[in-house]
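The following account leads through a structure in running order, from the overall features of one chain to contacts between chains. The sequence and the structure are shown first.

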Amino acid sequence: MKNELYNSYDEEYKNVIKLLSELPRESAPPNFEYNLSVRIKNRNFDLNSSEKKSLFPWRYFVPATGAVIASVFVFLVLFNDSDSLENPFQIQPKLRSEIKSDLFSSKKILGSIGNNQQINENDVVLKEDTKQTDKSIIEKEENLASNIGPKSELKDEVKADFPFNDNNSTNLDEALSERRLNTKIDRRASLAGRNAPSSFFNGFYIREEVDKEYVEAQKAKLDSLKKAIKMSRIKDKIAQ
Amino acid sequence: MNKKLTEFSDEELIKEFQDNNTIEAYEILVNRFKDPLTNYVYRFLGDRDICTDIVQDTMIKFYLHKDSYKSFAKFSTWIYTIAGNLARNELKRRKRRTIFSLNNDDEDKKIQIEDTSFVSPERETDSQMKGEIIQKALLKVKPVYREVVILRDIEGLSYEEIAEITDLSIGTVKSRINRGRKHLQELLKYIYSG
């Protein structure tokens, strides 16, 4: 059935088939065999036609070149996000309160390293039930300082920022008033390269008043610590 | 009882060449196939110089890789396959060159037809013109169709042989031949109608 179909096609295209079959036959040039035998005798087996290969293997470098170009293009397109880059001259300076909170969080980290406990900003630590002695607390602090190493500088920094420390009692009112007095000193400055008289200089940053709530929280914390230590001493004495 | 080499079939000759490396057998095969292959490649590419190079390369490949021929296949299909592959590669290379070429003047490409025998000038001119038109029409047919049409209608090979040469199924070969013929019929309708 299928053969009949194709035979019918042969009938349909008989004119074309006739034209093609009547085409003059092309023949090889007279020196074909001679040239071939010369090539074989000389062992010249390089192909004259399309299979002739170039000396430099360009095609092996095409994929690598393509990959490099594509990766550069992708890098330029995806990572050239100029909007995400911040101009350092346009960065707003941090507020005092933010700096303080950062310092407080770093202190918390230090505290958690020592005690494996996290201290919240508003937490008042009451260690009435603790059985730890002063000695153990001091040893822990020493161990912590030795473990932290360079971070102890940060601890000092944290301590230096506040007008009180854990060991001594501090009159906060006095400390604050001192601070206020100190800020009034050296506020006069003159611009370099000008003969203009010195003018009032209030610093590069916006000055902010101390956060009262924060101070209160610290105060309460100190009081609770003192109370806890006192209680533990009393308990020790009773035990003895 | 000893047969002359010239009386050997193609398959016997290649076997002789494979087994005993008889150059004479190789030469007889070259002599038998140089013209049909030249005609096939020329009709496929339409360029005489290149077609001679391709047929030479085919014979070189045959000489170098004689052992890759297996006796269950016909020698003619094997050698046509080699020539066809080389011709297709040449066509691809030409296409690339045409894409990158700034001067693509098709008018410069002249079809060469050999002056084989003496005929009256009128008939000769008429025959030459007809041949040129048919060749141009053939080159306008898609290579996949052109190849099978040449093998079938010019070289006179069977569908089975064409299927083996082109590595296609017989059904595909037949349909491609008919598509090629149909296209040629449209291109040549003024010749056979007039």
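In this predicted model, the accessible surface of chain A amounts to about 19,600 Å², and carbon and sulfur atoms contribute 54% of that surface. Chain A has 240 residues, of which 17% count as buried. Its secondary structure consists of nine helices and two strands. Followed along the sequence, these elements give the pattern α-α-α-α-α-α-α-α-β-β-α, in which the two strands come after eight helices and precede a final helix. Among the contacts in chain A with a separation of 6 or more, 60% are made by residues 24 or more positions apart.

From chain A the description passes to helix pairs that join it to chain B. Helix α3 of chain A, residues 32-41, packs with helix α2 of chain B, residues 23-45. The two axes are 11 Å apart and form an angle of about 140°. Because angles over 145 degrees would be needed for a roughly antiparallel arrangement, this angle makes α3(A) oblique to α2(B). The crossing of these helices is right-handed. On the side of α3(A), the residues in contact are A:F32, A:E33, A:L36 and A:I40; in α2(B) they meet B:Y26, B:E27, B:V30, B:N31 and B:K34. By character, the residues of this contact comprise five nonpolar, one polar and three charged.

A further helix pair involves helix α2 of chain A, residues 14-21, and helix α6 of chain B, residues 143-154. Their axes come within 9 Å and cross at roughly 80°. Since angles of 65 to 115 degrees count as roughly perpendicular, α2(A) is roughly perpendicular to α6(B). Here A:I17, A:L20 and A:S21 of α2(A) meet B:V149, B:D153 and B:I154 of α6(B). The residues of the contact of α2(A) with α6(B) divide into four nonpolar, one polar and one charged.

Helix α6 of chain B also leads to a loop residue. B:K142 is located in the loop between α5, residues 121-140, and α6 of chain B. Is B:K142 buried or exposed? B:K142 has a relative accessible area of 52%, and because exposed means over 50%, B:K142 is classed as exposed. Along the chain, B:K142 and B:G180 are 38 residues apart, whereas their C-alpha atoms are separated by 7.6 Å.

Conventions: Residues numbered from 1 in each chain as written. Chains lettered and ligands numbered in written order. Predicted model: local features only at pLDDT ≥ 70, side-chain atom pairs only at ≥ 80, totals over all residues. Heavy atoms only, no water. Axes fitted to C-alpha atoms, helices over the stretch in contact; angles between N-to-C directions. Helix = DSSP H or I, 4+ residues; strand = E, 2+ residues; numbered from the N terminus. Parallel < 35°, antiparallel > 145°, perpendicular 65-115°, else oblique. Left-handed = near helix turned anticlockwise from the far one by under 90°. Contact = heavy atoms within 4.5 Å. Nonpolar A, V, L, I, M, F, W, Y, C, P; charged D, E, K, R; others polar. Buried < 20%, exposed > 50% of the residue type's maximum accessible area, 1.4 Å probe, protein only. Areas by Shrake-Rupley, 256 points an atom, 1.4 Å probe, with all protein chains shown as cover.
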